[in-house]
Amino acid sequence: MSMPAFKHKMAAHCESGTVAALLNHAGLEISEPMVFGISGGIFFGYFESKKLPFPTFVVRNRPGQIRTNLAKRTGVKFRTERFRDPSRGERELFRLLSNNVPVACQTDFFYMNYLPDHVRVHINVHFIILAGIKDGSYIVSDCYSPDLALLDRDSLMKARFAGGSFAPRGFLFYPVFMPHNIDFRAAVWKGIKSAAFQMVKLPVPFLGIRGIRRFAQRVVDWPKLARDAEHLSHEIMKINIFLEDQGTGGAGFRFMYATFLREASEMLGDPDLLEMSKRIMEIGDRWRAVSLFAARIGKRRDLGQSRLAELSAMIHDRADAEERFFTDLLKLSKSKRY
Amino acid sequence: MKQKEAQVDYKDHQLVLYVEKKDGSYGPVQTGSYIAKKYLDDFWSKRDNLEREYLEKIRKGEASPIAFYMILEELTPSELASRVRIPKRKVKRHCDPRHFGEITMAELMRYCEVFNVPVINMFRAIISNKAGVRIKDEKSANPFFGTLRIEVGKK
């Protein structure tokens, strides 16, 4: 099969980038931040569980919701499928690629062997686009790869049918319907309202702003949970990775959200959104200060109680700033007609 | 974040960041990873130390190779059990070197798929102190047989 005409483009995040790329390929011009913002992707959650090797946090909504929320708010329809039988999943993928249909697949990130070793971890919610087959390997458009990559059949099968949390079970999707007229005004404001609501109103102590505060409170206790100083250093430095490197566009998606608000302000001619975009950009700058601080103290093994208290205070400060921001954003979304 | 603050020259690990551009607009830039450029050596040094520590435990009979790879890949017994499709109590048992020998070949192969290592790596460690040695495991069509290729003088 010859190289398909799919246009590969790097993106900040795998799910929003994959959805945006598929929609653009299907003829709908939409940016990654717009996909992220309409789907209400911005979030915070702090998790501690026996199922996790160490406490962790997330800075986006649940995997899969970027696609489902976007579809609900724009009217775009995706065909989705999961498979009990891996061979049926492989046959369906082959059929679609033979018909020149680029397909997004959910995979275990660990098996993406075209990416550097140090980034590859077992996490079952990595989305890639398969754009064709060449010499028995799959042509992969991965938002984290500068170029189209090749992935061998064995690795792709392992990645698509890995077990564990969020097991992909061969999940694939591709757009099948684009509405002629999308009401972007309503879609944007619904996305903003849901994101702001989830940040400030969820009555769960580890989600939204409450999650940021819990993170700030608990990070000082991390030394009790670590095996040794090197393990603690590794986990503290992962704060930087989760905020900057793990497909967030910087500052835990805050920079991407600022870009969305600015784009929405221009699209809807709304100066209030422009003002909010500047505010979240500033908030993002301070999150970046948190992540750089974490990387620095982790590298130096400067992880005494006073340093962790300093880190905790910085995170508390972010919680306060985000509480003010998302409360104002929620009020704004309620004051608009759409 | 301003564009100039985001620019990092590191080709091996590229990513996209959203920044305030020179003209005041917001948008994406492709750049190198700051943490990979500045701190990757620290990451590998910690990983090497962890590997050494656990290999020593295996030699002393204090840990099994399953425990070694589980720690290295940052998995919990429940997550590993779910991936290998066996009960969690069995994984915990297999982490104990006294019970490592009870693993069936089928289970061991499923463990190795998760860890992405050849089965033989469950029974030995490959260590070289010579620079320029490249060690590569090659699979064959036979799932029980592979080749360990050692190439000297290649980068």
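Q: Where is A:Y338 found in this predicted model?
A: In the predicted model, A:Y338 is found in the segment after helix 12 of chain A.

Q: Why is A:Y338 called partly exposed?
A: The relative accessible area of A:Y338 is 37%. Buried means under 20% and exposed over 50%, so A:Y338, at 37%, is partly exposed.

Q: What does A:Y338 touch, leaving out residues up to four places away in sequence?
A: A:Y338 touches A:R185, A:A186, A:W189, A:K190, A:K193 and A:S333. The C-alpha atoms of A:Y338 and A:V188 are separated by 9.3 Å, with their positions 150 residues apart along the chain.

Q: How many aromatic pairs are there over all chains?
A: The count comes to 25 aromatic pairs. One of them is formed by A:F36 and A:F253, with 4.7 Å centre to centre and 15° between the planes.

Q: What makes the pair of A:F36 and A:F253 stacked?
A: Centres within 6.5 Å make a pair, and planes under 30 degrees apart make it stacked. At 4.7 Å and 15°, A:F36 and A:F253 therefore form a stacked pair. The pair links distant parts of the chain, 217 residues apart: A:F36 is in helix 2 of chain A, and A:F253 is in the loop between helix 9 and helix 10 of chain A. Both A:F36 and A:F253 are buried.

Q: Why do A:W189 and A:Y338 count as a stacked pair?
A: The centres of A:W189 and A:Y338 are 6.4 Å apart, and the angle between the planes is 20°. The limits are 6.5 Å for pairing and 30 degrees for stacking, so the pair is stacked. A:W189 belongs to helix 6 of chain A, 149 residues from A:Y338.

Q: Is A:W189 buried or exposed?
A: A:W189 has a relative accessible area of 0%. The cut-off for buried is under 20%, so A:W189 is buried.

Q: Which residues form one aromatic cluster?
A: The cluster is formed by A:F44, A:Y46, A:F54, A:F57, A:F215, A:W222, A:F242 and A:W287.

Q: What makes A:R67 a charge over the ring of A:F173?
A: A:R67 lies over the face of A:F173, at 5.0 Å from the ring centre. The distance limit is 6 Å, so 5.0 Å satisfies it. In chain B, the charged end of B:K57 sits over the ring of B:Y54, 4.5 Å from its centre.

Q: Why is A:C143 in no disulfide?
A: Over all chains the count comes to 0 disulfides. The nearest cysteine sulfur to A:C143 is that of A:C14, 6.8 Å away. A disulfide needs sulfur atoms within 2.5 Å, so A:C143 is in none. For B:C112, the nearest cysteine sulfur is that of B:C95, 14 Å away.

Q: Why does B:C112 count as buried?
A: B:C112 has 4% relative accessibility, and buried means under 20%. B:C112 therefore counts as buried. At 4% relative accessibility, A:C143 also counts as buried.

Q: Why is helix 5 of chain A described as largely enclosed?
A: Of its 8 residues, 6 are buried, so helix 5 of chain A is largely enclosed by the rest of the structure. The buried residues are A:S155, A:L156, A:M157, A:K158, A:A159 and A:R160.

Q: Which residues have the most contacts inside the largest nonpolar core?
A: They are A:I236, A:I239, A:Y257, A:L311 and A:F326, in a core of 125 residues. A second, separate core of 26 residues includes B:A81, B:C112, B:V114 and B:F115.

Key. Residues numbered from 1 in each chain as written. Chains lettered and ligands numbered in written order. Predicted model: local features only at pLDDT ≥ 70, side-chain atom pairs only at ≥ 80, totals over all residues. Heavy atoms only, no water. Core = buried A, V, L, I, M, F, W, Y, C linked by side-chain atoms within 4.5 Å. Buried < 20%, exposed > 50% of the residue type's maximum accessible area, 1.4 Å probe, protein only. Helix = DSSP H or I, 4+ residues; strand = E, 2+ residues; numbered from the N terminus. Phe/Tyr/Trp six-rings, centres within 6.5 Å; stacked < 30°, edge-to-face > 60°. Lys NZ or Arg CZ within 6 Å of the ring centre and 35° of its normal. Contact = heavy atoms within 4.5 Å.
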